[in-house]
Amino acid sequence: MKPRIIILIFLNIVYLPVDGQNLNYPEVWTLENCIIYAKNNNISISSLRLSKSAANQDLLQAKAAKYPNLNGNVSQGLFAVNGNDGLHIQGLNTQSIGASSSMTLYHDNYLKNNVISKDLSTQLADLSVQESENNITLSVTQAFLNILMAQENIVALQNLLTTTKIQLKQGTQLYNAGSISKLNFLQLQSQHSQDEYNLIAAQNNLRTDLVNLKQLLQLPTSYNFQISPPLEIIVSNDVKPLEIVQSIAQNQRPEVKYGELNIENSALLLKMAKSFIKPTLSISGNISTGYSQGNGSYFSQLANQFYLPVGLSLGIPIYNNRIYKTAVEKSKIEIQQAQLALENTKTILNQQIEQAYINLQNSLSQYESAEKQMRINEQTYAIVNAQMKLGAIDYVQLQQQKLIYIQALQNYLQAKYTAVFNKQIYEFYMGQQINL
């Protein structure tokens, strides 16, 4: 059975009710196309982008709060008489027209800090999008490499089956001529059946891997999804020093920037909480006029009853049942929590990079060993196959060597694609794009 690469990152998959084809799909599904499409169309990431848009609306509102508001009002009174035959509307009785406005002049920089805080919230939302894009990039890369490994495995098994068919054809001729026993002939038939089974199992695994990637991309069920593999997969043993990768990651990874901005935002929220225990100075004014029936003409009353009062208001908090003090103390605690969260994020990131470094070193060593083993067993199997044709060895020895070669081939493919994926992960931590 084909060895599998274990998927490390799990995402919630949502199926879109979309019909078969879509003009927005890439013409060729390379790894780069898959990653770009996933970033642009993944539902979870799209939801985070909407959260960013909502945060931007909060920012616009915070900026607008620095300016005066304006509200208008119009009221109309009617004169009604209740007679013997019911209620009768006689006409206009009173009317008032007005507008009011207010503006905060001083609130201990609350409005300014609120704008900065909402701007930081927008940046935090954007960093959440970037982190999710990083996660899905690795998931898509791993799923894509699973497909490449399955395809390469199928090619190798097809070649083995071709060889087995030739052996079975020769064995049938020898058996009919009485040159080999029925046991050896049955062993050849059994090996041919086993090779067919291995190939069918590998083809089934490929279909499963294609579906896994297709679901990660959230493509419709009816869509015929096929990938375009790169010309070749190269395993490079050029490994950047661990300390350099950790240093770069600490300075540019979105989860670290998120933690740093979260501390900054928590400090602003503390300042804003303290603002509520300080006096607030506001200015307000209104314009009003009105009309009353029986007091003169309509327009003359509007002109004569015109009022424009303007006033200042000073609010001084004295006792508020510890509401504001509690808010201040909780804000201090949130700063400490944000600092611990950042420290934890940096620690986990360094540990992840160190583990990725160890995984890469181990996989490169295994790849080198597996490649040597596979090449040796490939040559050995070719020699044994040639000797069998000459009658120097029996079919049991051939089958044993073939099983050893198949296992060596499977180990090689597993080690090859594991090494490629581990290198992509390690270099991705320091900002390099996925590139096969």
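Of the contacts in the protein with a separation of 6 or more, 81% are between residues 24 or more positions apart. The model is predicted.

**Overall form**

The protein has 9 helices and 4 strands. In sequence order the elements run α-α-β-β-α-α-α-α-β-α-β-α-α. The radius of gyration is 38 Å, whereas the globule rule gives 22 Å for 436 residues, so the protein is more spread out than a compact globule. Along the principal axes, the C-alpha atoms fill a box of roughly 130 × 65 × 35 Å.

Of the 436 residues, 37% count as buried. The exposed surface amounts to about 25100 Å², and carbon and sulfur atoms supply 53% of that area. The protein carries 31 positive and 29 negative charges, and the mean positions of the two sets are 2 Å apart.

**Helices α3 and α9**

Two helices can be checked against the span expected at 1.5 Å a residue.

| Helix | Residues | Number of residues | Expected span | Distance between end C-alpha atoms |
|---|---|---|---|---|
| α3 | 110-176 | 67 residues | 99 Å | 98 Å |
| α9 | 395-428 | 34 residues | 50 Å | 49 Å |

For helix α3, the distance between the end C-alpha atoms agrees with the expected span. The end-to-end distance of helix α9 likewise agrees with its expected span. Helix α9 is mostly covered, with 26 of its 34 residues buried.

Ala150 belongs to helix α3. Its relative accessibility is 0%, so Ala150 counts as buried. Ala150 and Tyr417 are 267 residues apart along the chain, yet their C-alpha atoms are separated by 10 Å.

**Asn377 in helix α8**

Helix α8 covers residues 323-390 and contains Asn377. Asn377 has a relative accessible area of 12%; this is under the 20% cut-off, so the residue is buried. Leaving out residues up to four places away in sequence, Asn377 touches Gln401, Ile404, Tyr405 and Ala408.

**Thr104 in strand β2**

Thr104 is part of strand β2, a strand that covers residues 86-106. With a relative accessibility of 30%, Thr104 counts as partly exposed. Its contacts, again without residues up to four places away in sequence, are Leu111, Thr280, Leu281 and Ser282. A separation in the opposite sense to that of Ala150 and Tyr417 is found for Thr104 and Ser179: these residues are 75 apart in sequence, and their C-alpha atoms are 106 Å apart in space.

**Backbone points with positive phi**

Most residues other than glycine have a negative phi. Asn109 is not a glycine, but its phi is positive, near 65°. Asn109 sits in the loop between β2 and α3. Beyond α3 comes Gly178, with a positive phi near 80°.

Arg322 also has a positive phi, about 65°, although it is not a glycine. The position of Arg322 is in the loop between β4, residues 310-315, and α8. At a relative accessibility of 48%, Arg322 counts as partly exposed, because the exposed class begins only over 50%.

Note on methods:
Residues are numbered from 1 along each chain as its sequence is written. This is a predicted model: local features need pLDDT of at least 70, side-chain atom pairs count only at pLDDT 80 or more; totals for chains, interfaces and linings use all residues. Side-chain values use heavy atoms; hydrogens and water are left out. Helices (H or I, at least four residues) and strands (E, at least two) are DSSP runs, numbered from the N terminus. Buried means under 20% relative accessible area, exposed over 50%, partly exposed in between (1.4 Å probe, protein chains only). Contact means heavy atoms within 4.5 Å. The radius of gyration is taken over C-alpha atoms; the globule rule is 2.2 Å times the number of residues to the power 0.38. Accessible areas come from the Shrake-Rupley method with a 1.4 Å probe; for residues, only the protein chains shown count as cover. Lys and Arg count as positive and Asp and Glu as negative; His and the chain ends are not counted. The place of a charge is taken as NZ of Lys, CZ of Arg, CG of Asp or CD of Glu. The expected span of a helix is 1.5 Å times one less than its number of residues.
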